[in-house]
Protein chains: 2
Amino acid sequence: MTFQLHPQLQRDCIRLGRLELCQLLLMNDSQYPWFILVPEIGDIREIYQLSPTDRSLLQEESCQIAKRLAGLFNADKMNVAAIGNLVPQLHIHHIVRYRSDKAWPAPVWGKFDAVPYTEHQLAELLPKIKTAFDDILTRYTFRTSNFGSA
Amino acid sequence: MTFQLHPQLQRDCIRLGRLELCQLLLMNDSQYPWFILVPEIGDIREIYQLSPTDRSLLQEESCQIAKRLAGLFNADKMNVAAIGNLVPQLHIHHIVRYRSDKAWPAPVWGKFDAVPYTEHQLAELLPKIKTAFDDILTRYTFRTSNFGSA
């Protein structure tokens, strides 16, 4: 089955690159460091529909991402969730939460409208992400040079 | 490390039994079929803190539960999430969602106050759960005889 990223994820997110199984996306909402893993497999809605091999891969990629994000952003808590009520394509949220963030302790979904990153914010954020994920992220789809500090 | 179920999970949930790694709980909220897996390992807050073996076990138990719940309750969508902003002990929500439920398409957390099951509802529900999970659930901690139809 061919894989195509759901149009709403395309619209709402910045594509960062590819791990072994999943695409890694950055939700374009500067209120929280919010990342999404999308297995590049067509027509899957639930984790249990993946093969056992792909499930393990997803779990490992999810743990890698969550652990590194918790370290990179000094998280108080990671929220890791497969919801998919609105976007049926299987995607796993990884959201860095702080006791000081504006939605805490509520979940972030549907809480506040997204506040897109400024170019300046992305110019600071994307190189940090590149450094933190450089050994596991391939086929980068973002160009940090777009957001140079010059 | 000794494991003790967090007091808030004890208060909010009905303990159903034990899988290989996790306790299975039923959230006492009749608005949604809402189940929770809690790895019986002390002092863990994030999935990535589990050993690789326990991570795989958790993923498999989660998929088993989600798939069976989706079938048993004819779900439109399963919501599977590790949030833990309020209860720090690692626990994974598995919530059966319907396009017709009162929170759809929003996530359920913090949306409405819980509506506890009546004894009559539990007398109908618990035997169904027992049948659906009989081959993977051991050390039952609920007694369906408490909720007999007589």
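Modeller: Contact here means heavy atoms within 4.5 Å, and the structure is a predicted model in which local features need pLDDT of at least 70, side-chain atom pairs count only at pLDDT 80 or more, and totals for chains, interfaces and linings use all residues. Residues are numbered from 1 along each chain as written, chains are lettered from A and ligands numbered from 1 in written order, and side-chain values use heavy atoms, without hydrogens and water.

Colleague: How many residues does each chain bring to the contact?

Modeller: Chain A and chain B each bring 29 residues, and the area buried between them (accessible area lost on being put together, 1.4 Å probe, summed over both) is about 2800 Å², with 53% from carbon and sulfur atoms.

Colleague: Which residues of chain B lose the most area?

Modeller: B:Y48, B:K77 and B:N85 do, together giving 24% of what that side buries.

Colleague: And how many salt bridges cross over?

Modeller: There are 4 (Lys or Arg side-chain nitrogen within 4 Å of an Asp or Glu carboxyl oxygen), and one of them joins A:K77 to B:E46 at 3.1 Å, N to O.

Colleague: Switching to the sheet, what is the strand order?

Modeller: The open sheet has 10 strands (DSSP E runs of at least two residues, numbered from the N terminus; pairing takes at least two bridges), in the antiparallel order β1(A)-β2(A)-β3(A)-β5(A)-β4(A)-β4(B)-β5(B)-β3(B)-β2(B)-β1(B). The β1 strands (13-18) of chains A and B stand at the edges with a single partner strand each, so one side of each has no neighbour in the sheet.

Colleague: Over how many bridges do β4(A) and β4(B) pair?

Modeller: Strand β4 (residues 77-82) of chain A pairs with β4(B) over 3 bridges in the antiparallel sense, and A:A81 has B:A81 as its bridge partner.

Methods
Helix = DSSP H or I, 4+ residues; strand = E, 2+ residues; numbered from the N terminus. Buried area = accessible area lost by both parts, 1.4 Å probe.
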